[in-house]
Amino acid sequence: MDIALKQRGRASMDYLVGMAVFMGAGRKTVEADAVRLGLDPAALPEDFAAREAHYNRIMAPSAALKGVEAIEEWMSAHHGVIAIEAFEETGPETAEALEAAAAAGPSTLTLKDGFVAPDYWEGIEFHRTSGGWDGHPHMGYIHGELIHRHLLNRIRPIDIFAQRRLAAGATPVKDPSRIAEFGTATGHYTTALQQSYPGAEIWGCDPSVPALKHAQRAANRHGWAWKLLRAVGEDTGWPDAAFDLVTSYIIMHEAPVAINRAHLNEAFRLLRPGGWFCFSDFAPLGANDRMHELKLFRGAAQAGGEPWAIDYIQTDMGEEARRAGFVDVEAKGLGPNAYPFAVMGRKPETAE
Amino acid sequence: MNILTERLSPQTEVILNLTRELWVMKDRMRTLEALLAAGGGPSTEAVDGFTPPSDLQAQLDAARDAYLRSVLAPLTRASAD
């Protein structure tokens, strides 16, 4: 559902786009500074903290780097606030229309009593969202659609659903009758799953109700009967051995390593014997060159609103999957620059 | 001083906030001029020569005060360290 922004919101989103374009030019100056200051990509340390420190030390004289970081920080801190303001400027009828769209259709959203959001998620401003994923009653629409449509797609138009379909089809599972998804959020990957497996019954969980409501609107718009649940992937409450595929997309870097291990254990419980799990995300360290990894993750923990990402990229999730009991485990890049990077494995048959 | 304050000083944040507000206004002015020209409304010269009546001036005063509070907030934010 698209909404026509009012002048202030429209011009402010235009300004964010302009800032992003301006920053792109600024980054070229930073790259030229790196050459001028003698930064040797081949000499970057393997250890990520040491790598960041090495880069920061050599690049300290670069005024362009300071300028780009200042603008990046302003964009990170303000883009969500500006998008919320643009949304609210359109008036209460927008929220009413969104509520109606969420309620009309075959999908269901279940909110069980007693749900407690985990500490690693509650109040964390992932992606520098203002107030976190539950920071606004319509944060799902604001981040899942408004920011995508009016900012991200205009900066770098990519087919996010094509990337997700790549991940959805990564395992040998051909015709799953039931799929479980951890971290459904606004339903972008869920859409790719449904497109890849039109006959599958899809169950999705996420701790954020505003995000799930946006997913529900997407499902209802297409007539898809997703079963959505407010829950975390490590504790779904779904039945044992009831799924052919358990999957997630860009969720591993949003959770501590211990929770990713718990996701593997929960996937093992949920899968029928012979079923597959497939978790896709950014590639861990070592899959790309060190400079590329630095560009992706430098400052991610604080400035990027990704408190768990650095731990994730230093974890061998394939090895974790084997420890959880999976066999035929594979961990590999599916697209350019090893993105998305999929970790997958099969739950053995009882007799194996 | 935390890493975020190191990346974006209050002074730079003010400049970027103001740049946004200025762009919003420039966009609005161009939009208004286009709409006025299309609808046979007042000319740019008439706008230049206009003196706000007292009720409009009061509205402008209130909007200005809110605007300055919004834009200049980083200069008076309590220190994080």
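**Helix 3 of chain A and the contact with chain B**

I will begin just past the end of helix 3 of chain A, where Gly91(A) takes a positive phi of about 95°; helices here are DSSP runs of H or I with at least four residues, numbered from the N terminus. Before going on, please keep in mind that this is a predicted model, in which local features need pLDDT of at least 70 and side-chain atom pairs count only at pLDDT 80 or more, while totals for chains, interfaces and linings use all residues. Residues are numbered from 1 along each chain as its sequence is written, chains are lettered from A in the order in which they are written, and side-chain values use heavy atoms, without hydrogens or water.

Helix 3 of chain A bends by about 40° at His78(A), the bend being the angle between axes fitted to the seven residues ending there and the seven starting there.

Now to the interface. The contact, meaning heavy atoms within 4.5 Å, takes 21 residues from chain A and 16 residues from chain B. Across the interface of chain A and chain B there are six salt bridges, each defined as a side-chain nitrogen of Lys or Arg within 4 Å of a carboxyl oxygen of Asp or Glu. One of these joins the side chains of Glu72(A) and Arg7(B), at 3.0 Å from N to O.

Which helices of chain A each supply at least two residues of the side that touches chain B? They are helix 1 (7-36) and helix 3 (63-89), and helix 3 of chain A gives the most, with 10 residues.
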